[in-house]
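Here is a guided look at a two-chain model, written to be read with the viewer open. Let us start from one residue and work outwards.

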Amino acid sequence: MDDYLFVARSITQAQRMSRVLEQCGIRTSMLRAPVGLTDRGCSYAVRIRGEQFDTARQCLRTAALQPFHIFHREEGVYREVGQ
Amino acid sequence: MIYLDSAATTLQKPEAVRRAMARAAGTMSSPGRGSYPASHLAEETAYRCRSEAAELFDVPSPEQVVFTFNATHGLNIAIKTLVRPGSRVVISGYEHNAVTRPLHGISNVEILVADAPLFHPEKTLSGFAEALALGADVAICSHVSNVFGCVQPVEQIARLCRSHGVPLIVDASQSAGVLPVELKQWDAAFVAMPGHKGLYGPQGTGLLLCNHQAISLLEGGTGSASLQQEMPDFLPDQLEAGTHNMPGIAGLLEGLRFVRRTGLYTIAGHEKNMAAYAARRLEKLPGVNVFADKEFQNQTGVLSFTVNGRDCEEIGEALAQNGIAVRSGLQCAPLAHRTAGTLETGTVRVSPSAFTTKGQVDHFAVVLERMIRENVGF
């Protein structure tokens with residue numbers, strides 16, 4: 001099972017992304033982004049299930065919301081993916 | 001006590017405000033600082049408050065709603081962002097010290113005052129038009145005078161500013177909660193407002209609606225981008241250093257909900273009716289000068305008056321001794337008094353809230369009448 005993390009620039013942006021995704025029918029959970037994933041220190045992220053990634057990305061684009069980073073996690077390993 | 005000083009602070013709050021504050025004090029920590037429920041609850045409350053404000057004030061995104069300590073704090077951020085030493089700034093003749101003092105504190109600022117007689121919005125507008133035509137860097141306008149309740153034609157002023165490419169700062173201290181305040185529609189750079197007046201939140205809360213890059217007055221922790229030593233360059237974090245006032249924000253959220261549920265026009269109509277009724281009563285009293293627009297057309301529920309031969313502070317004292325709370329003096333707005341011609345005397349200001357009753361206004365008028373006719377209490 002894999003999932004994606006949309007790393008936000010702020011808690012408020014993460015909350016906004018979460019709500020927009022929920023409105024698109026995508027279940028989300030919010031979390032503090034793992035320290036190793038960011039080069040700027042404390043960040044928040046929105047987690048979604050892997051199979052919903054394409055829909056989620058389109059949904060965020062429609063809402064003009066751009067994550068700071070996007071990571072794909074598979075078998076416990078994170079890999080950054082393009083916007 | 002009969003409280004008629006809501007233009008300073010609405011004292012009677014919806015019960016939900018008090019409950020929310022008490023709940024927050026016991027259940028919320030700081031938003032954006034942890035993965036545990038107390039932090040999540042604070043995050044959710046802060047976000048809901050931003051969202052509620054964004055919907056009420058036509059703000060495109062909750063991120064553009066910044067928590068401040070009060071309107072003065074927001075105005076300081078806005079002014080110190082846009083006004084530079086040597087800038088030329090156009091202001092209305094009814095600005096509060098929250099605008100004029102920060103301007104005074106910046107060196108060599110040239111201030112053009114678009115003054116106009118009371119309750120003549122068309123003259124205010126032409127004053128702004130003339131001043132903007134001279135070339136200005138920034139325009140600042142209070143939506144409603146805190147002394148006289150006169151409504152300034154902000155929508156038209158905003159249009160003028162857009163046509164001249166001049167950023168506009170609006171002080172919505174007296175209009176938020178009673179008149180439409182529309183950041184996007186006006187395309188204002190900033191709109192500042194307190195939480196503790198017409199939004200029925202607690203003291204120590206305020207909102208700055210941002211449509212422009214801003215500079216931070218405070219630097220410190222934000223729970224974001226912690227590795228970098230510069231403040232984050234994104235809102236709201238950029239302007240919200242340090243721990244949030246969560247009891248205040250929780251209370252403000254309930255205040256905003258009260259305003260939206262009750263309706264701006266319902267609240268404004270009630271306050272205006274109360275002030276107009278007070279004006280009618282006061283106008284009948286000997287020696288009383290009431291500053292009211294014809295049928296309260298360009299006026300909110302804020303009313304000033306003077307009594308011939310009486311010091312306004314003495315009137316305020318005497319009313320207080322009779323259990324009536326009003327605001328006397330210059331109301332921190334000497335410019336407004338200078339414009340209206342009351343700088344030497346000051347005024348007594350009466351400002352009802354959504355909770356003021358006609359019976360309370362009656363009682364106030366009866367007490368004042370007795371004081372004047374019998375010359376008691378002075």
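B:Glu110 is partly exposed, because 13 other C-beta atoms lie within 10 Å of its own, a count between the 12 or fewer of an exposed residue and the 20 or more of a buried one. Please keep in mind that this is a predicted model. B:Glu110 sits in strand β4 of chain B. From B:Glu110 to B:Leu264 the sequence separation is 154 residues, and the C-alpha to C-alpha distance is 36 Å.

**The seven-stranded sheet of chain B**

Where does β4 of chain B fall in its sheet, at an edge or inside? The sheet is open and has seven strands, in the order β2-β8-β7-β6-β5-β3-β4 of chain B, with mixed pairing. Its edge strands are β2 (65-68) and β4 (110-114) of chain B, each of which pairs on one side only. From one strand to the next, the twist averages 20 degrees.

Further into this order, strand β3 (residues 88-92) and strand β5 (residues 138-142) of chain B run parallel and are joined over three bridges. In that pairing, B:Ile91 is found opposite B:Ile140 of β5(B).

Helix α4 of chain B has buried residues B:Ala98, B:Val99, B:Thr100 and B:Leu103. What covers these buried residues of α4(B)? The cover includes strands β3, β4, β5 and β6 (168-171) of chain B, together with helices α3 (71-82) and α11 (334-340) of chain B.

**Two domains in chain B**

The domain assignment splits chain B into domain 1 (15-262) and domain 2 (263-374). Their C-alpha centres are 27 Å apart. How many residues meet across this boundary? On the domain 1 side of chain B there are 25 residues in contact with 27 residues of domain 2. Helices α4 (97-104) and α8 (246-262) of chain B are the elements that give two or more residues to the domain 1 side. By class, that side of domain 1 of chain B holds 13 nonpolar, ten polar and two charged residues.

**The four-stranded sheet of chain B**

Chain B also has an open sheet of four strands, ordered β9-β10-β13-β12, and here the pairing is antiparallel. The edges are β9 (288-291) and β12 (327-329) of chain B, pairing on one side only. For this sheet the twist averages 25 degrees from one strand to the next. Strand β12(B) meets strand β13 (residues 347-350) of chain B in the antiparallel sense, over three bridges, and B:Ser328 stands opposite B:Val348 in β13(B). Helix α10 (residues 312-321) of chain B packs on this sheet, where it touches β10 (303-307), β12 and β13 of chain B. The direction of helix α10 of chain B makes about 155 degrees with that of β12(B).

**The two chains side by side**

Chain A reads β-α-β-β-α-β-β along its sequence. The table sets out overall values for each chain.

| Chain | Helices and strands | C-alpha extent along principal axes | Buried residues | Share of contacts (separation of 6 or more) from residues 24 or more positions apart |
|---|---|---|---|---|
| Chain A | two helices, five strands | roughly 30 × 30 × 20 Å | 39% of 83 residues | 66% |
| Chain B | twelve helices, 13 strands | about 70 × 55 × 30 Å | 55% of 378 residues | 68% |

How do the radii of gyration fit the rule for a compact globule? For chain A, the rule gives a value near 12 Å with 83 residues, and the model has 11 Å, which agrees. For chain B, with 378 residues, the rule gives a value near 21 Å, and the model has 21 Å, which also agrees.

**Where chain A meets chain B**

The contact between the chains takes 14 residues from chain A and 19 residues from chain B. Which element gives the most to the chain A side? Helix α1(A) does, with five residues. The elements of chain A that give two or more residues to this side are α1 (11-23) and β2 (29-32). By class, the residues of chain A that touch chain B divide into four nonpolar, six polar and four charged.

Terms used
Residues numbered from 1 in each chain as written. Chains lettered and ligands numbered in written order. Predicted model: local features only at pLDDT ≥ 70, side-chain atom pairs only at ≥ 80, totals over all residues. Domains from an automatic or database assignment. Contact = placed C-beta atoms within 7 Å. Nonpolar A, V, L, I, M, F, W, Y, C, P; charged D, E, K, R; others polar. Pairing = 2+ DSSP bridges. Axes fitted to C-alpha atoms, helices over the stretch in contact; angles between N-to-C directions. Rg over C-alpha atoms; globule rule 2.2 N^0.38 Å.
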